[in-house]
Structures are given as structure tokens and as C-alpha cells.
Amino acid sequence: MSGTISTIIIVVILVVILFFAVKNSIPHFKGEGGCCGGGCSEKPIKPKKLTEVKATKVVTIEGMRCSNCHTRVQNALNSIDGVNAKVNGDKKQAVVKLGRDISDDELRTAVTSLGYKVTSITDC
């Protein structure tokens, strides 16, 4: 009899743990969670207005899963002097307008330093 009661208690505890695990994961799977640093507390940096656009590049990025990811990548690119970047999370791309000569490696480093993978950088 005591074996049955302890089994029931263990099952109830596991069900409660599983319930809260699934409940707390739902926003993450919808792309609303803070999978990359806790919530969406990071405010987007406004892209700089460029007096002249010397080049436009499309950076294809893997690993962005939520709006916080998109904001982090966009902010990292826009923090580079002479860059006006907009990230499209659905396309997994950033369209980057350059106001000065900036190497692909500098753009790649800004993204990969956040933990994302750059799969390609192409000229438009």
C-alpha cells in the first residue's frame, strides 16, 4: 500500500513539473520569448541616415529565433559607423546600406560575436 502512495506522489510531482515546463516554453516556441538574453528589454537603435549610400549588402543569418534576436543583430550592425541596417527575421536577413567602405569581415564579426551564424553576404 505504501508503495502505491509513493508512486502516486511521484507521478503527481512529475505532472506538475511537466505542466510548468510546457506552460513556460509556449512563448519561446511562438517567437515571443527572450531566448537570447531575457525578454525584449533591448531597445532598437534607430538606423543612421546616410548622406551617401556606397553599397548595399544582404547578410543572411542563422539562429535568430525571436524579436529580441532581430533587435540584437540590428543594433550590433547599426552600431558600426557608416551602417544603416534593417533586419527581416522572416527572411533571416539583414539589408545593410553602407555609407563608407566596410569589409564583409567587419559585418560578419558584428553578427557572430552575438552567437549567430552568417551564411552569406551578397552585394545588391
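In the predicted model, Val58 finds its bridge partner in β3, at Val95. This pair belongs to the contact between β1 and β3, two strands that run antiparallel. Six bridges join them.

The sheet around this pair has four strands. Their order is β2-β3-β1-β4, and the sheet is open. Pairing is antiparallel. β2 and β4 (117–123) form the edges, each pairing on one side only. On average, neighbouring strands are turned by 20° against each other, with direction ignored.

Two helices pack on this sheet. α2 touches β1, β2 and β3. The direction of α2 makes about 165° with that of β2. α3 touches β1, β2, β3 and β4. For α3, the angle is given against β4, and its value is about 150°.

Helix α2 spans residues 67–78, a run of 12 residues. From first C-alpha to last, α2 reaches 16 Å. This is close to the 16 Å expected at 1.5 Å a residue. The helix is mostly covered, with 10 of its 12 residues buried. The buried set begins with Asn68 and Cys69. Thr71, Arg72, Val73 and Gln74 are also buried. Asn75, Ala76, Leu77 and Asn78 complete the list. The cover over these buried residues includes three strands: β1 (55–62), β2 (83–88) and β3 (93–98). Helix α3 (104–112) is also part of that cover. The strands named as cover for α2 are also those that α2 touches in packing on the sheet.

At the level of the whole chain, there are three helices and four strands. Along the sequence, these elements follow the pattern α-β-α-β-β-α-β. The protein chain has 124 residues, of which 29% count as buried. Contacts between residues at least 6 apart in sequence were also examined. Of these, 70% join residues at least 24 apart. The exposed area of the protein chain is about 8000 Å². Carbon and sulfur atoms supply 57% of that area.

Terms used:
Residues numbered from 1 in each chain as written. Predicted model: local features only at pLDDT ≥ 70, side-chain atom pairs only at ≥ 80, totals over all residues. Heavy atoms only, no water. Expected span 1.5 Å × (residues − 1). Buried < 20%, exposed > 50% of the residue type's maximum accessible area, 1.4 Å probe, protein only. Contact = heavy atoms within 4.5 Å. Pairing = 2+ DSSP bridges. Axes fitted to C-alpha atoms, helices over the stretch in contact; angles between N-to-C directions. Areas by Shrake-Rupley, 256 points an atom, 1.4 Å probe, with all protein chains shown as cover.
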